[in-house]
Amino acid sequence: MSTSAYEPMPSALETERLLLRPWVESDAEQLLALHAERAEGVRPGVATVAEARANIAAQLLATAKNGLALLSIRRRDEGDLIGYCGLVVGRSTVDEPEIAYELFPRVHGHGYATEAAAAVLAAATATGRKRVWATVGTWNAPSLRVLEKLGFERDHLSMEDSGEVVWLTREPGDRDAS
Ligand SMILES: CC(C)(COP(=O)(O)OP(=O)(O)OC[C@H]1O[C@@H](n2cnc3c(N)ncnc32)[C@H](O)[C@@H]1OP(=O)(O)O)[C@@H](O)C(=O)NCCC(=O)NCCS
C-alpha cells in the first residue's frame with residue numbers, strides 16, 4: 001500500500017510504438033543482459049540472474065511503498081524488451097522524483113527513450129506531482145539531449161566520486177498538452 005500523498009503512478013503505459021509494464025520475475029535474464037551492456041566506467045548493475053531477480057523484487061516492493069515505478073519497455077511490433085523507463089527517488093525525493101531510463105544499445109537513436117519518457121512524465125502529472133528531476137553525468141550527451149527534447153532545464157551541478165552531475169528539472173504539466 002502506498003504511503004505517499006500522491007496517487008500511485010499508472011502501472012501500464014502505452015505509446016504509439018511502445019508498451020510500458022511492471023517488471024516480472026521472468027524478465028530477470030533480460031535485465032541482466034541490459035546491465036551487462038552498460039558502457040565501461042558506468043555504474044555496474046546486477047551481475048547474476050539471482051541479483052536481477054532480487055533487483056526486480058526490490059523495485060516492485062518500492063512501488064508498493066511509494067507509488068513510483070520503473071517500467072520495462074517492449075516494442076509493440078517486435079514484442080521485444082528494449083529497456084526501462086520510470087520514476088525513482090534516486091538522488092531526489094518521493095514528492096519530486098527523478099525520471100530514469102536505459103535502453104539496449106541496439107535500439108538507441110530511434111526516439112524510443114524520448115517517447116517512453118514523455119509517457120512517464122504524463123504519468124507523473126497524473127499522480128498529482130508538480131515537479132520531476134533528472135540527474136545526468138555531464139558526459140552523457142544522449143541523455144541530456146533526451147531531456148532537452150522533453151523540456152527539462154538545467155538547475156545546478158553537483159560533484160560525485162564518479163564525476164560532475166547535472167540536475168535538470170521540469171514541471172510535468174508544462175508540455176504534456178503539446
Ligand atoms: C540515454 C538513452 C536512454 C537514449 O535513448 P535513445 O532511445 O537513443 O534516445 P532518443 O533516440 O529518444 O534521443 C537521443 C538523442 O540524443 C542524440 N544523441 C545521440 N548521441 C549523441 C551524442 N553523442 N551527442 C549529442 N547528441 C547525441 C540523438 O541524436 C537524439 O537526438 P535527436 O532526436 O535530436 O537526433 C540511451 O542512450 C541509453 O540507454 N544510454 C545508456 C543509459 C543511460 O545513460 N541512461 C540515462 C542515465 S541519466
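**Figure 1. Polar contacts between the protein and the ligand in this predicted model.** A backbone N or O atom of A113 lies 3.0 Å from an oxygen atom of the ligand, a polar contact being a pair of N or O atoms within 3.5 Å (within protein, one must be able to donate a hydrogen and the other to accept it, and residues adjacent in sequence count only if both atoms are side-chain atoms). A polar side-chain atom of H108 is 3.1 Å from an oxygen atom of the ligand, and a polar backbone atom of Y101 is 2.8 Å from a nitrogen atom of the ligand. On its own the ligand has 960 Å² of accessible area, of which the protein covers 64% (Shrake-Rupley method, 1.4 Å probe).

**Figure 2. The shell of residues around the ligand.** The ligand is surrounded by 19 residues, the closest being G109, G111, T114, R145 and K149; a residue belongs here if one of its heavy atoms lies within 4 Å of the ligand. At least two residues of the shell come from each of β5, α3 (112-126), β6 (132-137) and α4 (141-149). Helices (H or I, at least four residues) and strands (E, at least two) are DSSP runs, numbered from the N terminus. With six residues, α4 supplies the largest share of the shell.

**Figure 3. The two faces of helix α1 (residues 28-36).** A28, L31, L32, L34 and H35 are the buried residues of α1. Because they cover an arc of only 160 degrees around the axis, they lie on the same side of α1; the arc is that of the directions from the helix axis to the C-beta atoms. The face turned away from the buried side carries the exposed residues E29 and A36. Buried means under 20% relative accessible area, exposed over 50%, and partly exposed in between (1.4 Å probe, protein chains only). Among the elements covering the buried residues of α1 are α2 (49-66), β4 (81-88) and β5 (98-103).

**Figure 4. The hairpin of β7 and β8.** Strands β7 (residues 153-160) and β8 (residues 163-170) pair in the antiparallel sense over seven bridges, where pairing requires at least two bridges found by DSSP. Two residues stand between the strands of this hairpin. R154 has L168 in β8 as its bridge partner.

**Figure 5. Surroundings of S4, in the segment before β1 (13-14).** S4 counts as buried because its relative accessibility is 18%. Not counting residues up to four places away in sequence, S4 touches K65, N66, V94 and R129 (heavy atoms within 4.5 Å).

**Notes.** Residues are numbered from 1 along each chain as its sequence is written, and side-chain values use heavy atoms, with hydrogens and water left out. In this predicted model, local features need pLDDT of at least 70 and side-chain atom pairs count only at pLDDT 80 or more, whereas totals for chains, interfaces and linings use all residues.
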